[in-house]
Amino acid sequence: MREQRLWTWHMAAGVVILVFLGLHMTVMHLESVIRVFNPAEGRLPVDWANVAARTKRAFFMVTYVVLLGAALYHGLYGLRNIIAELNPGAGIKKAVNMVLLFGGTGLFVLGTWAAWASFQLARSL
Amino acid sequence: MVEYKGRTNRLGVWGWLGGGRWGVERYLYTLHRLTGLGILTYFVLHIFVTTSRAFGQDAWEVSLGRVTGPIFTAGEFLVFTAFAFHAVNGVRLFLIELGWAVGKPIEPVYPYRTSVDVQRPLAIAVMILAAIVVALGGLDFMRRL
């Protein structure tokens, strides 16, 4: 039952990623086809002028955090499944679960802090 | 007792590459896993690189400077390609998982039709869609080289 629930969350996270990473990829890598959220003309999406313009919008701050959580869960749960299929011993399985759980939580905290701090910084500019 | 004829169920990672007489969907499964692992690796590094924007323009530009150049651009395009494939193939898997793209049960009347007759066109359609997304993304990457 627990695994079924985790798998359902994995699929739900995939849908969230499809929407928000799809938007992220459109903004960052389809800029010459669809120009959205890059107000600085003639500059790349990664240039500071465009980065700061996006970062100061609450919409992006919130969606980055949602995407971060969904992508970490989806990716690390997928990795856990791949490792589990290799049929490791119970001790290794437990260690993998702990590493992925704490590693994922740490990355989520770091990414969330970065989204919040850069939002505050961009708004003050 | 289960009697294995030939290959066992426990092929491990090698089973991803050539586990038997499987169709194209089996190799999409392998590619889905490989692209997933690639995207996850990139994503973890991406979190560290993009954290620098919280320290201002100078930190952002220094951080970005470390991952700029033709090799990184080519690598990023590879990640974009992996994303395009993983996303559309993920939609296909989602539709199949929920039973929406496996066809209705039918009588086994000759000439026999199987669920693959429904799934294969979907697999081809999503690969064409992935190729279109990759081509559009390629235009953007060409601009940067």
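Chain B runs α-α-α-α-α from its N terminus. Its count is five helices and zero strands. The model is a predicted one. Chain B has a radius of gyration of 21 Å, well over the 15 Å that the globule rule gives for 145 residues, so chain B is more spread out than a compact globule.

Chain A is also built from helices. Four helices and zero strands make up its element count, and the order from the N terminus is α-α-α-α. Its radius of gyration is 18 Å, where a compact globule of 125 residues would have a value near 14 Å.

**Chain by chain**

| Chain | Residues | Span of C-alpha trace | Buried residues | Contacts from residues 24 or more apart |
|---|---|---|---|---|
| Chain A | 125 residues | about 55 × 30 × 20 Å | 24% | 61% of contacts with a separation of 6 or more |
| Chain B | 145 residues | about 70 × 35 × 25 Å | 17% | 63% of contacts with a separation of 6 or more |

**The contact between the chains**

Chain A brings 29 residues to the contact, and chain B brings 30 residues. On the chain A side, helix 1 (2-29), helix 2 (48-55), helix 3 (58-85) and helix 4 (90-124) each supply at least two residues. Helix 4 of chain A gives the largest share of that side, seven residues. By class, the side of chain A that touches chain B has 18 nonpolar, 10 polar and one charged residues.

**The nonpolar core**

In soluble globular proteins, nonpolar side chains tend to be buried together. Here the largest nonpolar core has 33 residues. Leu67(A), Ala71(A) and Ala84(B) have the most contacts inside this core. Chain A gives two or more residues from each of helix 1, helix 2, helix 3 and helix 4. From chain B, helix 2 (24-51), helix 4 (70-97) and helix 5 (116-144) do likewise. The largest share of the core is 10 residues, and it comes from helix 3 of chain A.

What does Ala71(A) touch, not counting residues up to four places away in sequence? Its partners are Ile17(A), Leu21(A) and Phe43(B).

**One helix pair across the chains**

Two packed helices are described by the angle between their axes and the distance between the axes. For helix 4 of chain A and helix 2 of chain B, the axes come within 9 Å. They cross at roughly 35°. The crossing is left-handed.

Which residues make this contact? From helix 4 of chain A come Leu107(A), Leu110(A), Gly111(A) and Ala114(A). Helix 2 of chain B contributes Val44(B), Ile47(B), Thr50(B) and Thr51(B). By class, the contact of the two helices has five nonpolar, three polar and no charged residues.

**Backbone exceptions**

Most residues other than glycine have a negative phi, and most peptide bonds are trans. Two places in this model depart from those patterns, one in each chain.

In chain B, a cis peptide bond joins Tyr110(B) and Pro111(B). Omega there is about 0°. Pro111(B) sits in the loop between helix 4 and helix 5 of chain B.

In chain A, Asn87(A) has a phi near 60°, a positive value in a residue other than glycine. Asn87(A) is placed in the loop between helix 3 and helix 4 of chain A. Is this residue buried or exposed? Asn87(A) counts as exposed, because it has 11 C-beta neighbours inside 10 Å and the cut-off for exposed is 12 or fewer.

**Two partly exposed residues of chain B**

Gly15(B) lies in helix 1 (residues 14-18) of chain B. With 17 other C-beta atoms within 10 Å, Gly15(B) is partly exposed. Its C-alpha atom is separated by 39 Å from that of Leu64(B), and the two residues are 49 residues apart along the chain.

Arg26(B) is placed in helix 2 of chain B. This residue is partly exposed too, since 15 other C-beta atoms lie within 10 Å. Arg26(B) and Val126(B) are 100 residues apart along the chain, and their C-alpha atoms are separated by 15 Å.

Note on methods:
Residues numbered from 1 in each chain as written. Chains lettered and ligands numbered in written order. Predicted model: local features only at pLDDT ≥ 70, side-chain atom pairs only at ≥ 80, totals over all residues. Contact = placed C-beta atoms within 7 Å. Nonpolar A, V, L, I, M, F, W, Y, C, P; charged D, E, K, R; others polar. Rg over C-alpha atoms; globule rule 2.2 N^0.38 Å. Core = buried A, V, L, I, M, F, W, Y, C linked by C-beta atoms within 7 Å. Axes fitted to C-alpha atoms, helices over the stretch in contact; angles between N-to-C directions. Left-handed = near helix turned anticlockwise from the far one by under 90°.
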